[in-house]
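Got your viewer open? Let's take a short walk through this model, one selection at a time.

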Amino acid sequence: MKMKIICNLSDRQLQKVLILSGASDSEAEKVSKALPNYPELDITDFLEKNDSDKSARFALAAFAIAAIAEIEDH
């Protein structure tokens, strides 16, 4: 079974994430300038390479499962 998870983020939320990520000023500026080029981003391969303990993947899946439960309750 596969699931595609979509999460819409506002510009402000993306900026907060940049701050919380600990990115240097130059990294944050580079990413900020590039963001308009990525209205959608598939991070599957990135997670495979960088989420060795699967914690990020499990966190995303937990939110998806909770959303399904909420939708099914209505």
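Start with the whole protein chain in cartoon view: you'll find four helices and zero strands, where helices (H or I, at least four residues) and strands (E, at least two) are DSSP runs numbered from the N terminus. Keep in mind that this is a predicted model, where local features need pLDDT of at least 70, side-chain atom pairs count only at pLDDT 80 or more, and totals for chains, interfaces and linings use all residues. Residues are numbered from 1 along each chain as its sequence is written, and side-chain values use heavy atoms, leaving out hydrogens and water.

Now switch to the C-alpha trace and turn it around: along its principal axes it spans about 45 × 30 × 20 Å.

Next, color by burial. Just 7% of the 74 residues count as buried, meaning under 20% relative accessible area, with exposed being over 50% and partly exposed in between (1.4 Å probe, protein chains only).

Select M3, I5, Y38, L41, I43, F46, L60, I65 and I68 and show their surface: together they make a nonpolar patch of about 880 Å². Such patches take residues with over 30% relative accessible area and no salt bridge, joining nonpolar side chains (Val, Leu, Ile, Met, Phe, Trp, Tyr) within 5 Å and like charges within 9 Å. A salt bridge here is a side-chain nitrogen of Lys or Arg within 4 Å of a carboxyl oxygen of Asp or Glu.

Highlight helix α4 (residues 55-73), which gives the patch its largest share, three residues.

Last stop: zoom in on Y38, in the loop between α2 (25-34) and α3 (44-50). Is Y38 partly exposed or buried? Its relative accessibility is 48%, so Y38 counts as partly exposed.

Key
Areas by Shrake-Rupley, 256 points an atom, 1.4 Å probe, with all protein chains shown as cover.
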